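Let's take a walk through this one together. We'll begin with one pair of helices and then step back to the whole chain.

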Amino acid sequence: MKILMLLGAQGSGKGTQSARLAQEFGLVPCASGDLLREAMTLGTPLGVRARPYYDSGELVPDDLIIGMILERLNSLSGANGIILDGFPRNRAQAEALDVALRQMGQKIEGVIYLDVPRALLVERISGRLICRAQGHVYNINSNPPRVPGICDIDQSALYQRKDDIGDALEHKLDIFFAETLPLTKYYDDQGKLIKVDGTQSIEEVNHNILVKLKAASQ
Ligand code: AMP
């Protein structure tokens, strides 16, 4: 099974690049934030426990999130491959993942880090709009909907995520730089890190990822 990982702050373009890579390599996208939103919408016990952390921009406790991801990984054992997006976010999660993959006889092929300065992350996230029906993503500045407040694809209303505004946003970024960014060293030490400039256009970032992945596999 091919396993890729995208590492980057909120607003680094992880979700967009993950969707592209999933298509290009036939991988199943595995985004921890999406799995949590699904659990919260369904009102599962995990969703109920996760919501207060989610709404305030805190990390959901490791035991909850690790359990959720490992369950997902096990359910995908027949798949061609997966792309992890948003997990792991700290050292404990990364180590738990390594242990689980070792037990499954699998390993991560490459960890793509999308490097974007904090000021640009704030600009991107605070302009983000999401569609109620299916989660299509827009940006007031760089990718506005044709009709303000309405999704181009399914005409549902657009909203701003609670954790994309004000203190919750700044807090999420603080957590990223303090807890998640050190994982770049963790994976660099394993010879898996592929660092890409995330400030460029979606096309350029995608191109650079593909070139660097190819170079890394040779
Ligand atoms: P995202 O959609 O990736 O921005 O994640 C939204 C929120 O979900 C985060 O702010 C956290 O509250 C929670 N979350 C997602 N992934 C994780 C993770 N790996 N560990 C802890 N919390 C997470």
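Start where H3 and H4 meet: their crossing is left-handed. Keep in mind as you look that this is a predicted model. On the H3 side, the contact comes from Leu46, Arg49 and Ala50, and on the H4 side from Asp63, Leu64 and Met68. Sort those residues by character and you get four nonpolar, two charged and no polar ones.

Now for the geometry of the pair. H3 covers residues 45-56 and H4 covers residues 62-75. Their axes come within 11 Å and cross at roughly 140 degrees. That angle makes H3 oblique to H4, because only angles over 145 degrees count as roughly antiparallel.

With that corner in hand, zoom out. The protein chain holds nine helices alongside eight strands. How compact is the protein chain for its 218 residues? Its radius of gyration is 17 Å, close to the 17 Å given by the globule rule, so the chain is as compact as a globular protein of that length. If you'd rather think in terms of a box, the C-alpha trace spans about 45 × 40 × 35 Å along its principal axes.

Two more numbers round out the picture of the chain. Of its 218 residues, 43% count as buried. And then there's how the sequence folds back on itself: taking the contacts with a separation of 6 or more, 71% are between residues 24 or more positions apart.

Note on methods: Residues are numbered from 1 along each chain as its sequence is written. This is a predicted model: local features need pLDDT of at least 70, side-chain atom pairs count only at pLDDT 80 or more; totals for chains, interfaces and linings use all residues. Side-chain values use heavy atoms; hydrogens and water are left out. Axes are lines fitted to C-alpha atoms, for helices over the stretch in contact, and angles run from 0 to 180 degrees between N-to-C directions. Helices (H or I, at least four residues) and strands (E, at least two) are DSSP runs, numbered from the N terminus. Angles under 35 degrees count as roughly parallel, over 145 as roughly antiparallel, 65 to 115 as roughly perpendicular and the rest as oblique. A crossing is left-handed if the near helix is turned anticlockwise from the far one by less than a right angle, and right-handed if clockwise. Contact means heavy atoms within 4.5 Å. Ala, Val, Leu, Ile, Met, Phe, Trp, Tyr, Cys and Pro count as nonpolar, Asp, Glu, Lys and Arg as charged, and the others, Gly among them, as polar. The radius of gyration is taken over C-alpha atoms; the globule rule is 2.2 Å times the number of residues to the power 0.38. Buried means under 20% relative accessible area, exposed over 50%, partly exposed in between (1.4 Å probe, protein chains only).
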